[in-house]
Every structure is written in structure tokens, then in C-alpha cells.
Amino acid sequence: MSATVNLSKLQNNLNEVNYPISREELLRYAEEKGVDEVILRALKQLPSKQYQTLTDVSQAIGGSE
């Protein structure tokens with residue numbers, strides 16, 4: 001069972017990201033920012049693709065439960 005990601009916390013952590021962004025770039029950004037381990041795990045499970053907006057990322061994480 002994976003812990004549920006707090007989407008508002010996710011948005012606060014990723015609010016300075018420049019989109020579009022790839023999953024790999026998103027992970028690098030998250031690791032550099034020192035984001036929450038739960039969020040980092042969720043990002044690692046995202047499909048490897050380009051994300052156009054923070055909403056895209058939120059929906060991909062929210063839909064992966």
C-alpha cells in the first residue's frame with residue numbers, strides 16, 4: 001500500500017517548476033529541493049513523459065492510487 005500524496009503539498013513543492021518538464025527533470029528538481037519522501041516516491045512512479053502543467057502531474061499522481 002502506498003501512502004496518499006497530499007496534492008496541496010505536492011503543488012507547494014513544485015510551484016517553481018518550469019513546464020513542460022519530463023519526469024526525469026521533475027525528479028531531479030524534487031531531489032534538489034529536498035521534497036517529502038512520499039512525494040518523491042510518487043514522482044518516481046509517474047509514466048516517463050512530458051508534463052505540460054502542474055495539473056498534469058497532480059492528475060497522474062492522483063490517478064495512480
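**Exercise 1. Find where Ser58 sits, and work out which side of its helix faces inward.**

Solution. Start with the address: Ser58 is part of helix α4, residues 54-62 (helices are DSSP runs of H or I with at least four residues, strands are E runs of at least two, and both are numbered from the N terminus). A word on the source: this is a predicted model, where local features need pLDDT of at least 70 and side-chain atom pairs count only at pLDDT 80 or more, while totals for chains, interfaces and linings use all residues. Residues are numbered from 1 along each chain as its sequence is written, and side-chain values use heavy atoms, with hydrogens and water left out.

Next, check burial. Ser58 has 8% relative accessibility, so it counts as buried (buried is under 20% relative accessible area, exposed is over 50%, and partly exposed is in between, with a 1.4 Å probe and protein chains only).

Then look at the partners. Setting aside neighbours within four places in sequence, Ser58 is in contact with Leu7, Leu10 and Gln11 (contact means heavy atoms within 4.5 Å).

Now widen the view to the helix. Leu54, Val57, Ser58 and Ile61 are the buried residues of α4. They cover an arc of only 100° around the axis, so they sit on the same side of α4 (the arc is that of the directions from the helix axis to the C-beta atoms). Their cover includes α1, α2 (23-33), α3 (37-44) and β2 (50-51).

**Exercise 2. Do the same job for α3.**

Solution. First, list the buried residues: in α3 these are Ile39, Leu40, Ala42 and Leu43. Their arc around the axis is only 160°, which puts them on the same side of α3. Last, the packing: the buried residues of α3 go against α1, α2 and α4.

**Exercise 3. Trace the surroundings of Leu14.**

Solution. Begin with the location, the loop between α1 and β1. Leu14 is buried, at a relative accessible area of 0%.

Then list what Leu14 touches, not counting residues up to four places away in sequence: Tyr19, Leu26, Tyr29, Leu43, Leu54 and Val57. Two of these names have come up already: Leu43 is among the buried residues of α3, and Val57 is among those of α4.

Finally, take a distance. Leu14 and Val35 are 21 residues apart in sequence, and their C-alpha atoms are 9.0 Å apart in space.

**Exercise 4. Follow the chain into β1 and look for an unusual entry in the backbone.**

Solution. Go to the peptide bond from Tyr19 to Pro20: it is cis, with omega near -5°. Pro20 belongs to the loop between α1 (7-13) and β1 (21-22).

Step on to Ser22, which is in strand β1. Ser22 is buried, with a relative accessible area of 11%. Leaving out residues up to four places away in sequence, Ser22 touches Lys49 and Gln50.

**Exercise 5. Put the whole fold together.**

Solution. Count the elements: four helices and two strands. Read from the N terminus, their order is α-β-α-α-β-α. The radius of gyration is 10 Å, close to the 11 Å that the globule rule gives for 65 residues, so the protein is as compact as a globular protein of that length (the radius is taken over C-alpha atoms, and the rule is 2.2 Å times the number of residues to the power 0.38).

For the overall extent, the C-alpha trace spans about 30 × 20 × 20 Å along its principal axes. To finish, 34% of the 65 residues count as buried, and of the contacts between residues at least 6 apart in sequence, 58% join residues at least 24 apart.
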